[in-house]
Amino acid sequence: MQFGVANLRLTLTGMIANIKDAKNNAVTNASMSTLPLTGVIIGGQHTVGYNMKPQGEQTDVDGRFIYETNITTETAGKSINTLVLQSYDNEKVPILLEFQNDTAYPFTGKDGIVYPGTRFYLIGMIDPAGKGTGAYANRVFTQDYTTTMSMVVSSLANAYTCMPDLLAPRLEVGVQVVTKWIQSTTTNVEL
């Protein structure tokens with residue numbers, strides 16, 4: 001059986017101790033349970049043809065996103081699976097992680113203060129350049145393959161207080177991505 005879509009398997013594996021904000025202050029009471037992941041937004045979703053592959057050249061206006069919200073408190077340290085469409089060859093794909101500040105303390109992000117009870121966003125760019133061999137090596141997502149990403153939150157300095165425009169050319173990346181693709185593929189991401 002061949003699948004027309006790809007699978008993204010994403011795991012948030014932890015958060016460094018004494019995580020810092022944009023003012024280089026330690027974020028009080030920060031942990032995986034007090035800064036829970038509430039959503040994942042995946043870019044690089046284009047109009048596809050009959051074969052489920054991107055159809056022709058498209059502009060940023062034609063780009064689409066997937067907003068995965070099927071995330072629970074039991075998700076921490078476990079994989080989140082989402083079906084995605086095949087990306088273009090050599091295309092960098094943005095991924096945005098949505099968190100909620102349940103620390104009871106405000107901290108400073110990239111564009112302002114993240115208050116308790118509000119959501120904030122960390123961005124990563126997945127770059128397929130030089131990631132292995134095979135037909136899938138020059139794409140982030142390939143139909144009938146799985147891309148696996150493992151992430152660790154290492155800083156809150158580039159946290160956005162509202163969802164940024166993922167098509168903007170000057171985004172501050174808050175996620176470092178290390179990738180590896182195999183049939184049912186693997187990628188590492190560091191936040």
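A residue counts as buried when its relative accessible area is under 20%, exposed when over 50%, and partly exposed in between, using a 1.4 Å probe and protein chains only. With that in hand, let's look at one buried residue, Q45, and two exposed ones, N24 and N90. This is a predicted model, where local features need pLDDT of at least 70 and side-chain atom pairs count only at pLDDT 80 or more, while totals for chains, interfaces and linings use all residues. Residues are numbered from 1 along each chain as its sequence is written, and side-chain values use heavy atoms, with hydrogens and water left out.

**Q45, tucked away**
- Q45 sits in strand β2 (strands are DSSP runs of E, at least two residues, numbered from the N terminus).
- Q45 has a relative accessible area of 3%, so it counts as buried.
- A polar atom of the Q45 side chain lies 2.8 Å from the backbone nitrogen of L85.
- Skipping neighbours within four places in sequence, Q45 is in contact (heavy atoms within 4.5 Å) with D62, G63, R64, F65, I66, V84, L85 and F141.

**Two asparagines with a positive phi**
- Most residues other than glycine have a negative phi.
- N24 isn't a glycine, yet its phi is positive, at about 65°.
- You'll find N24 in the loop between β1 (6-15) and β2 (37-45), and its relative accessibility of 54% makes it exposed.
- N90 isn't a glycine either, and its phi is positive at about 60°.
- Look for N90 in the loop between β4 (79-84) and β5 (93-100); its relative accessible area is 57%, so it counts as exposed.

Key
Helix = DSSP H or I, 4+ residues; strand = E, 2+ residues; numbered from the N terminus. Polar contact = N/O pair within 3.5 Å; in protein donor to acceptor, adjacent residues only side chain to side chain.
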